[in-house]
Amino acid sequence: MNNSTNPLDCLILAAGAASRFGSCKQLADWKGQPLLAATIAAARQLNPARILVVGGAFYPQLLQALPALNSSAGKGNKTPVELLEFRAWNLGLGHSLAHAIKHSQNGNPVLVLLGDQPLVSAQDLQNLYHHWSAQPEKIACASFANTLGVPAIFPAQFKARLYESRGDRGAKNILLRYRNQVMPVAMPSAEFDVDTPADLSKYLREAG
């Protein structure tokens with residue numbers, strides 16, 4: 001997919017302590033690659049202008065893994081991953097999002113992703129982008145389990161609102177506040193996220 005007419009920045013939030021996981025879950029093994037690599041590979045299929053990953057509690061580990069993430073995550077487009085350090089990660093997901101937006105001060109729309117939703121595929125993101133392209137003044141977001149959430153594409157004019165994000169809710173508050181400007185896109189895969197090693201092993205075992 002060529003996004004030359006609508007260059008897109010991808011923001012992947014991966015700054016939390018993963019307290020329920022007990023270690024850096026973004027680098028846990030997922031089908032022979034780091035969990036985070038699955039998200040990067042899906043994002044790269046949109047040919048984004050930038051891919052920014054926000055690291056926090058495990059920033060040193062992510063920094064060490066950055067060369068491998070850049071070389072192994074996805075074929076074709078090789079948009080380099082930019083790793084941002086957010087030292088105040090303990091303030092919550094919303095603050096991490098605001099930190100990422102601070103580093104994306106341009107006219108590009110932003111695709112907000114989480115680093116622990118490995119079932120979200122390139123096709124899911126292409127479908128989301130297709131819906132957003134039809135009405136680029138609106139927000140296109142995932143709809144799953146009777147709720148709205150990320151992945152979500154925000155037009156550039158919403159960056160000021162995203163920059164105000166605080167606490168643990170992140171983009172969710174914006175989606176709810178501007179509900180009449182949101183296009184929900186069915187994405188059942190976004191319901192699965194990895195919270196514990198048991199989540200990860202159970203899925204991999206059942207997937208065979």
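This section describes the central sheet, the cysteines and one buried aspartate of a predicted model.

The sheet is open and comprises seven strands of mixed pairing, arranged in the order 5-4-1-6-8-7-9. Its edges are formed by strand 5 (81-85) and strand 9 (182-186), each of which pairs on one side only. On average, and with direction ignored, neighbouring strands of this sheet are turned by 30° against each other. Strands of a sheet pair through backbone hydrogen bonds, in either a parallel or an antiparallel manner. Strand 1 (residues 9-14) and strand 4 (residues 50-55) run parallel and are joined by six bridges. Within this pair, aspartate 9 stands opposite arginine 50 of strand 4. Helix 3 (residues 93-102) lies across strand 1, strand 4, strand 5 and strand 6, and its direction makes an angle of about 150° with strand 1.

Cysteine 10 is located in strand 1 and is buried, with a relative accessibility of 0%. Leaving aside neighbours within four places in sequence, the contacts of cysteine 10 are Ala43, Pro48, Arg50, Ile51, Leu52 and Leu111. Among these residues, Arg50 is also the one that stands opposite aspartate 9. The C-alpha atom of cysteine 10 is separated by 8.4 Å from that of valine 53, although the two residues are 43 residues apart along the chain.

A disulfide is a covalent bond between the sulfur atoms of two cysteines. A search of the whole structure finds zero disulfides. For cysteine 10, the closest cysteine sulfur belongs to cysteine 141 and is 16 Å away, so the separation is too far for a bond. For cysteine 24, the closest cysteine sulfur is that of cysteine 10, and no bond can be assigned because the distance of 20 Å is too far. The criterion applied to a pair of cysteine sulfur atoms is a separation within 2.5 Å. Cysteine 24 is likewise buried, with a relative accessible area of 10%.

Aspartate 116 is situated in the loop between strand 6 (110-114) and helix 4 (122-134). Despite its loop position, aspartate 116 is classed as buried because its relative accessible area is 10%, which falls under the 20% limit. The side chain of aspartate 116 is joined to that of lysine 25 by a polar contact of 2.8 Å. When neighbours within four places in sequence are left aside, aspartate 116 is in contact with Lys25, Leu35, Phe192, Asp193 and Val194. Lysine 25 thus appears both in the contact list of aspartate 116 and as its polar partner.

Note on methods
Residues numbered from 1 in each chain as written. Predicted model: local features only at pLDDT ≥ 70, side-chain atom pairs only at ≥ 80, totals over all residues. Heavy atoms only, no water. Helix = DSSP H or I, 4+ residues; strand = E, 2+ residues; numbered from the N terminus. Buried < 20%, exposed > 50% of the residue type's maximum accessible area, 1.4 Å probe, protein only. Polar contact = N/O pair within 3.5 Å; in protein donor to acceptor, adjacent residues only side chain to side chain. Contact = heavy atoms within 4.5 Å. Pairing = 2+ DSSP bridges. Axes fitted to C-alpha atoms, helices over the stretch in contact; angles between N-to-C directions.
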